[in-house]
Amino acid sequence: VFLGNGPSGICLSYLLSGYIPYFKRDSLHPHPVLQRKLEEAPDVSILDQDLEYLSEGLEGRSHSPVALLFDTLQRPDTDFGGTAESVLAWWHETDRAIPHLVLGRNAPGGAWHSIEGSMVTLSRGEWMGLPDLPFKDWLKQKRRGLRNNRATAEDIAQYYQQYVVRKGLQKNFKSGAVVTSVRKVSAESISSHAQKDLQENSDSLWNFNERSTEVFQVDGFFKTVKGDKEPFSIYAENVVLATGTYDSPTWLGVKGENLSYVHHQLSALEEAVKNNSIGIMSDPVLIVGAGLTAADAILFAHHCNIPVIHVFRRRVTDPGLIFNQLPKMMYPEYHKVHQMMKEQSAACAGPYECYVSLPEHHVLSFGKDKKCIFQDKNGYQKVYKISMALVLTGSNPNLSFLPNNGIDLAMDSGQPVNAKRNPIDVDPFSYECTQEKGLYALGPLAGDNFVRFVQGGALAVASSLLKKANKNPP
């Protein structure tokens, strides 16, 4: 059972449906050491090879060796602007399929369905694609091109939904599912009624291994079209967590943050503009945070001529600031925001009207009178009257369905799970949780935050599950 039907879950479903990657004969990979290793066993699928051996020595923009391996097999020289074809050939070997079920709240595509459709992705369009259906080719069929090599969120949500249909994976997907609990139970404790179902339905998901003494019980409900809730209980030997990280926005934890004019999602600003509750003549909108969502909010407000006060804790030159890591040519709009942050601080007026930047400041409190108090690094305080506040400082996964909110599974088991600071502790070559065998974590939960890199985790999980199911060729 997989929880989450975003890109990670879709990619894993593809691999477990018997689609097996092999090194394409006569293809040449630009990495000579990897090429030599791939030539050693051309008849053995990538899933059945030693992933640690293949990925050794690879470098790139991810900390996960398997993520780098699968990415470079699909897009060999993409980081150098190249367009070399994938060196993988995909074979459909139905006898190697592993029955599975993908549970998701929305249609396949996960959080991509809740992002404003016209937003342009940070990653290049071709990096958003899944195995064996290049995103560019799919867009061409829609008679569309990529703007500045990037795609809109709406295109991507559609692509993921159609990928599931094109690859014939629909039977594995169940939408409208809300999981409320995942826990280990002893195989004996399952009611004899459930046991009987398991045995009779030999082709189904519930094909238990004779040796299993413990299985996972996954409880939850399906939301029906009428708005009813249909409860379910599913038993599985392996559960994959692929629920992403967009569930709960981070709060600052300051006084007045629960007042009605303080929001934690960009959509609140779009809504306020749409219903004319703020405009050119309003008091400024406060935007807190220095990530890409905060930048999107600034661009949106700038576009609507709405005044902005921008507060963030870091220095403008901090190398950890995402803007200092993005190539200017590819991201002109984010470069513009970064320039505004540098040139338009409250201390000195710059060329941009309607925008004030307060680097190295933090919010002390929000007042009922819409007056907001900030403090700088030297302890000096400033007060501004604002029309609304957007706190856009990241988000946390919601793992309330796991015992102790999944904290025991994290790298630091004293802190909540966080995609950037404290991901779930997994084995790097199987993505199985170190603390709980049979439980796997993929995507942001395991520290992989870009679509192009979540797919390596799916490769690792598929490889591990095929070994467990003993569906490996001799």
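Modeller: Before we start, a helix axis here is a line fitted to C-alpha atoms over the stretch in contact, and angles run from 0 to 180 degrees between N-to-C directions. The model we are looking at is predicted.

Biologist: Good to know! At what angle do the axes of helix α9 and helix α10 cross?
Modeller: Helix α9 spans residues 292-303 and helix α10 spans residues 332-343. Angles of 65 to 115 degrees count as roughly perpendicular, and α9 and α10 are therefore roughly perpendicular to each other. Their axes come within 10 Å and cross at roughly 85 degrees.

Biologist: Which residues of α10 make the contact with α9?
Modeller: From α9, the contact draws on L292, A295, D296, I298, L299 and H302. The residues of this contact divide into seven nonpolar, one polar and three charged. On the α10 side, the contact is made by E333, Y334, K336, V337 and M340.

Biologist: Let's zoom out for a moment. How many helices and how many strands does the protein have?
Modeller: Of the 474 residues in the protein, 52% are buried. Among contacts with a separation of 6 or more, 68% join residues 24 or more positions apart. As for secondary structure, the count is eleven helices and 22 strands.

Biologist: What is the strand order in the open sheet that contains β13 and β16?
Modeller: The edges of this sheet are β13 (262-263) and β16, each of which pairs on one side only. Five strands take part, and their pairing is parallel. From β13 across to β16, the order is β13-β20-β14-β15-β16.

Biologist: Where does V262 find its bridge partner in β20?
Modeller: β13 and strand β20 (residues 388-391) pair in the parallel sense over two bridges. In β20, the partner of V262 is A389.

Biologist: Helix α8 packs on that sheet, so to speak; which strands does helix α8 touch?
Modeller: Helix α8 covers residues 267-274, and its direction makes about 155 degrees with that of β20. The strands touched by α8 are β13, β14 and β20.

Biologist: Let me ask about β15: which of its residues are buried?
Modeller: Strand β15 (residues 308-311) pairs in the parallel sense with strand β14 (residues 285-288) over four bridges, and four bridges also join β15 to strand β16 (residues 355-358), again parallel. Both faces of β15 are covered, with one pair of residues to each side. The buried residues are V308 and H310 on one side, and I309 and V311 on the other.

Biologist: Which residue of β16 stands opposite V308?
Modeller: Towards β14, V308 has V285 opposite. Towards β16, V308 faces Y355.

Biologist: And is the crossover from β14 through α9 to β15 right-handed or left-handed?
Modeller: The chain leaves β14, passes through α9 and arrives at β15. These two strands pair in the parallel sense. The β-α-β crossover they make is right-handed.

Biologist: There is another five-stranded open sheet, with parallel pairing; what is its order?
Modeller: The edge strands of this sheet are β7 (173-174) and β22 (439-441). Within it, strand β1 (residues 2-3) and strand β4 (residues 102-103) pair over two bridges, with L3 opposite L103. The order is β7-β4-β1-β11-β22.

Biologist: Now to α4. Why is helix α4 largely enclosed by the rest of the structure?
Modeller: The buried residues of α4 pack against α1 (7-16), α2 (32-40), α3 (51-55), β3 (88-92) and α11 (451-468). Among those buried residues are V66, L69, F70 and D71. Helix α4 (residues 65-74) is largely enclosed because its buried residues number nine of the ten.

Biologist: Over in α11, what is the relative accessibility of L459?
Modeller: L459 is found in helix α11. Beyond its neighbours within four places in sequence, L459 is in contact with L15, P21, I46, L47, L51, V66 and F70. Of these, I46 is 413 residues away along the chain, yet the two C-alpha atoms are separated by 8.8 Å. L459 counts as buried because its relative accessibility is 0%.

Biologist: One last thing: what is the phi of D132?
Modeller: Most residues other than glycine have a negative phi. D132 lies in the loop between β5 (120-124) and α5 (135-141), and is partly exposed at 43% relative accessible area. Although D132 is not a glycine, its phi is positive, at about 65 degrees.

Note on methods:
Residues are numbered from 1 along each chain as its sequence is written. This is a predicted model: local features need pLDDT of at least 70, side-chain atom pairs count only at pLDDT 80 or more; totals for chains, interfaces and linings use all residues. Side-chain values use heavy atoms; hydrogens and water are left out. Angles under 35 degrees count as roughly parallel, over 145 as roughly antiparallel, 65 to 115 as roughly perpendicular and the rest as oblique. Contact means heavy atoms within 4.5 Å. Ala, Val, Leu, Ile, Met, Phe, Trp, Tyr, Cys and Pro count as nonpolar, Asp, Glu, Lys and Arg as charged, and the others, Gly among them, as polar. Buried means under 20% relative accessible area, exposed over 50%, partly exposed in between (1.4 Å probe, protein chains only). Two strands pair if DSSP finds at least two bridges between them. A crossover is right-handed if, with the strands pointing away from the viewer, the path from the first strand over the helix to the second runs clockwise.
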